[in-house]
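Subject: Handing over the structure

Dear colleague,

I am passing on to you the structure shown here, together with some notes on what was found in it. Please read the notes with the structure open beside them.

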Amino acid sequence: MSQSNIQRVKASELDLKDKVVSVNRVVKTTKGGRTFSFSALVVVGDGAGIVGHGLGKAREVQEAITKGIDDAKKNLVKVHVLKGTVPHEQVTKFGASKVWIKPASHGTGVIAGGAMRAVLESAGVTDVLAKSLGSSNPHNVVKATIKALTDMRDPINVSQTRGISMKRVFNG
């Protein structure tokens with residue numbers, strides 16, 4: 001993954017919507033008894049190509065979600081969305097999770113599993129075929145999906161890099 005492809009975005013001037021991907025209850029056993037806490041994995045996005053993920057931990061669920069949203073706003077990236085779908089097919093791994101994302105024609109909808117669906121919908125993708133392979137750990141699936149989206153190349157950049165017209169990029 002080329003680091004220059006990732007565009008960081010400031011959260012202050014955006015209208016972001018959040019989705020809770022998973023909430024996990026964690027138990028710490030001490031000599032005084034059990035202490036319960038929660039960790040929440042949250043995805044935020046503006047529905048127009050900006051998406052981020054965050055993890056929040058706290059003693060109460062709502063507080064953990066709030067912390068997760070704040071963390072996600074610090075990790076926003078810009079992804080390429082063309083006419084509601086992705087520019088090209090992409091397979092990416094993160095940890096033991098592997099994701100496969102393929103563009104789809106208008107009207108298909110988001111065909112994807114839970115954690116991937118949250119990321120793709122937050123990014124503003126409306127038509128896509130996606131499959132989560134390998135580990136289904138939500139943390140790694142979310143990170144693999146965001147990595148796949150940031151690794152995608154925009155046709156405009158491809159035409160400028162190769163020094164050819166946009167028609168030649170699509171027609172070979």
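K83 is exposed, with a relative accessible area of 83%; here buried means under 20% relative accessible area, exposed over 50%, and partly exposed in between, with a 1.4 Å probe and protein chains only. This is a predicted model, in which local features need pLDDT of at least 70 and side-chain atom pairs count only at pLDDT 80 or more, while totals for chains, interfaces and linings use all residues. Residues are numbered from 1 along each chain as its sequence is written, and side-chain values use heavy atoms, with hydrogens and water left out.

K83 is found in the loop between β5 and β6, the latter being residues 90–94 (helices, H or I, of at least four residues and strands, E, of at least two are DSSP runs numbered from the N terminus). Although K83 is not a glycine, its phi is positive, at about 50°. Most residues other than glycine have a negative phi.

Turning to the sheet, five strands form an open arrangement in the order β1-β5-β4-β3-β2, with antiparallel pairing, where two strands pair if DSSP finds at least two bridges between them. At the edges are β1 (7–8) and β2 (17–30), each of which pairs on one side only. β1 is paired with strand β5 (residues 77–78) in the antiparallel sense over two bridges, and in this pairing Q7 stands opposite K78. Helix α1 (residues 61–73) packs on the sheet and touches β2, β3 (33–45) and β4 (50–58), its direction making about 145° with that of β4. Contact means heavy atoms within 4.5 Å, and the axes behind such angles are lines fitted to C-alpha atoms, for helices over the stretch in contact, with angles running from 0 to 180 degrees between N-to-C directions.

Further along the chain, β6 is joined by five bridges to strand β7 (residues 97–103), and the two run antiparallel. They form a hairpin with two residues between them, and G95 in the turn has a positive phi of about 65°. Within this pair, T92 stands opposite V99 in β7.

V99 also appears in the surroundings of T145, a residue of helix α3 (residues 138–151). Is T145 buried or exposed? T145 counts as buried, at 0% relative accessibility, and, leaving aside neighbours within four places in sequence, T145 is in contact with V99, I101, M116, V119 and L120.

Finally, there are the charged side chains. The count comes to three salt bridges, a salt bridge being a side-chain nitrogen of Lys or Arg within 4 Å of a carboxyl oxygen of Asp or Glu. One of them joins K17 and D15, whose closest N and O atoms are 3.4 Å apart; K17 counts as exposed at 52% relative accessibility, and D15 does so at 56%. Another brings together the side chains of E121 and K19 (2.5 Å, N to O). Because E121 lies in helix α2 (residues 114–123) and K19 in strand β2, this pair ties together parts that are 102 residues apart in sequence. E121 also meets R117 in a salt bridge (3.3 Å, N to O), and these two residues, four apart in helix α2, are separated by about one helical turn. K19, R117 and E121 are thus linked in a network of salt bridges.

With best wishes
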